[in-house]
Amino acid sequence: MTQAQAARVPRIVVVGAGFAGLACVRRLERRLGPREARIMLVDPTSHSLYLPLLPQVASGVLGATSVATPLARLLKRTVRVPGGALGVDLAARTLYVKKITGEDEALRYDYLVLSPGSVTRTFDIPGLAEHARGMKTLKQALSLRDHVIAQLELAASAGTAEEKRRRCSFLVVGGGYAGTETCACLLELTKTAARKIPGLHPDMIRWTLADLADKLMPELGDELGTKAQHMLINRGVDFRLGTSVASVSDGEVKLTDGSVLPTETLVWTAGVAASPLVRGLGESVRGRVVVGADLRLPAWEGVFALGDCAAVPDLAKQREGVENAVCPPTAQHAMRQGKVAADNVVAAMQGRPPRDYYHKDLGLVVDLGGPRAVAKPLGIPLSGVPAQIATRGYHVMAMPSMRSRLRVTGNWISHGVAGDDLLRVDLGVDRPRTIAGYEYTDIYPDPEHIASIIEGLESDRREQL
Ligand SMILES: Cc1cc2nc3c(=O)[nH]c(=O)nc-3n(C[C@H](O)[C@H](O)[C@H](O)COP(=O)(O)OP(=O)(O)OC[C@H]3O[C@@H](n4cnc5c(N)ncnc54)[C@H](O)[C@@H]3O)c2cc1C
């Protein structure tokens with residue numbers, strides 16, 4: 001296609017190559033020919049990350065390349081813009097993008113699909129921003145692994161019993177699937193490592209899991225939730241339910257129950273907040289921008305939002321009588337919403353009415369380390385080995401390509417046979433190792449200034465012409 005032809009076809013810009021964005025772009029590629037639309041995908045990374053398996057990357061069961069599928073393998077003709085979208089001027093139909101080189105760009109669109117996901121939700125707790133580690137990005141998982149292995153190595157050669165105890169104590173805050181799986185998988189890693197590292201013993205390892213709620217993963221239901229908790233208690237996890245963090249300082253975390261935990265490791269997974277990109281774009285429910293069941297942003301023609309960043313009506317739950325229910329932030333919903341968004345972009349282009357998003361939850365699967373797991377596929381409660389088979393089977397089938405399925409299966413087999421090599425590579429030293437440092441939550445300009453930034457970029461461009 002020549003440049004002049006390309007300029008005439010409608011431009012669809014998708015932000016975010018996660019579960020929602022990738023599903024959307026792949027469907028658009030299938031449904032539209034190159035002469036019907038120019039599809040652009042904005043994401044700072046070159047891969048689509050399978051987040052539910054991040055705890056297994058942190059614990060060394062899987063390698064980074066198994067959970068990060070390169071976009072170049074998944075997409076055929078979508079033009080990728082390597083950068084982050086930092087703001088939208090809805091009136092001017094323009095997206096403000098900062099490329100990975102630091103250059104600013106104003107990207108015009110005819111249709112815009114916003115799927116930048118979510119970021120770790122933090123609170124104004126003294127010391128949290130400086131000391132807590134998140135579990136939302138590949139770098140965070142790899143860096144947490146490095147940190148945990150380093151603590152064990154330092155503990156083995158520690159000069160005092162107090163230092164040994166502190167370095168062998170780990171705290172996870174957040175009893176959802178991210179926190180529970182991270183705690184379970186890293187518990188497995190640390191116990192195994194303590195057996196291998198001279199100077200350590202598995203009995204020295206202490207894991208604490210805290211959550212403000214009074215039960216673990218309420219979505220599992222009472223029976224399965226209690227089973228999951230018992231499996232972890234039997235492995236030595238100290239549960240502090242109804243408890244959160246009061247303050248954090250070097251080598252110490254104070255909990256809201258008044259106790260003090262000497263530790264060098266605080267993993268913070270206490271919930272997610274919508275990406276700052278959707279701030280100010282319309283009405284919101286707990287930070288997620290409100291869209292219709294057809295995923296359209298009310299009042300803005302051709303703009304869609306979906307996945308973790310959007311409050312999408314959960315029609316299945318609403319039909320069961322749950323008033324104003326919105327879809328939970330899960331991969332299951334994000335992936336399916338991506339396909340509906342693509343269909344609705346095509347419908348808008350062809351002047352047809354959009355369709356509503358409807359999906360009945362298929363249940364959930366939780367890896368508790370080694371052969372332990374709990375799962376509730378289609379409402380059937382499973383635990384132990386059958387649950388682990390269901391969990392792994394579900395993840396393999398949900399991976400975006402045959403290559404990633406083979407990689408993940410190969411990694412599971414090699415880890416099962418050869419174990420962990422406890423390699424520490426000290427990744428991610430380019431940014432402060434804080435949640436904001438890894439999730440770039442501190443780079444979004446004030447929404448009120450987006451229009452003037454875009455106007456500045458446009459006038460620079462006009463001057464250059
Ligand atoms: C550890 C962990 C375990 C989980 N386990 C499960 C599970 O077992 N089952 C389940 O259903 N869900 C699980 N989830 C939740 C699930 O991963 C999310 O709900 C899902 O990823 C949301 O999809 P999304 O497409 O909205 O966002 P994401 O998948 O997070 O994708 C967002 C994409 O947008 C990009 N992006 C971000 N900001 C910008 C920007 N400004 N400009 C351009 N691009 C941007 C990111 O690089 C990323 O590629 C888990 C999450 C975590 C963290």
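Two strands pair if DSSP finds at least two bridges between them. That rule helps with one small sheet in this predicted model.

**A three-stranded sheet**

Strands β18 and β19 (residues 288-290) are joined by two bridges and run antiparallel. Within this pair, S284 stands opposite V289 of β19. The sheet is open and has three strands, in the order β18-β19-β21. Its pairing is mixed. At the edges lie β18 (284-285) and β21 (310-311), and each of them pairs on one side only.

**The ligand and its shell**

Now turn to the ligand. Around the ligand are 30 residues. Those that come nearest are A20, D43, A85, D308 and Y444. Sorted by class, the shell holds 18 nonpolar, nine polar and three charged residues.

Several elements supply at least two shell residues each: α2 (19-31), β2 (38-43), β5 (79-89), α9 (177-196) and α12 (331-349).

Where does the ligand lie relative to domain 1 and domain 2? Domain 1 (3-120 + 273-360 + 444-464) gives residues to the shell, and so does domain 2 (128-270 + 363-428); therefore the ligand lies between them.

**Polar contacts**

Oxygen atoms of the ligand have these partners in the protein.

| Residue | Protein atom | Distance to a ligand oxygen atom |
|---|---|---|
| A20 | backbone N or O atom | 2.8 Å |
| D308 | side-chain N or O atom | 2.8 Å |
| P329 | polar backbone atom | 3.0 Å |

How much of the ligand's accessible area does the protein cover? On its own, the ligand has 1000 Å² of accessible area, and the protein covers 90% of that.

Notes
Residues numbered from 1 in each chain as written. Predicted model: local features only at pLDDT ≥ 70, side-chain atom pairs only at ≥ 80, totals over all residues. Heavy atoms only, no water. Near = heavy atom within 4 Å. Polar contact = N/O pair within 3.5 Å; in protein donor to acceptor, adjacent residues only side chain to side chain. Areas by Shrake-Rupley, 256 points an atom, 1.4 Å probe, with all protein chains shown as cover. Helix = DSSP H or I, 4+ residues; strand = E, 2+ residues; numbered from the N terminus. Nonpolar A, V, L, I, M, F, W, Y, C, P; charged D, E, K, R; others polar. Domains from an automatic or database assignment.
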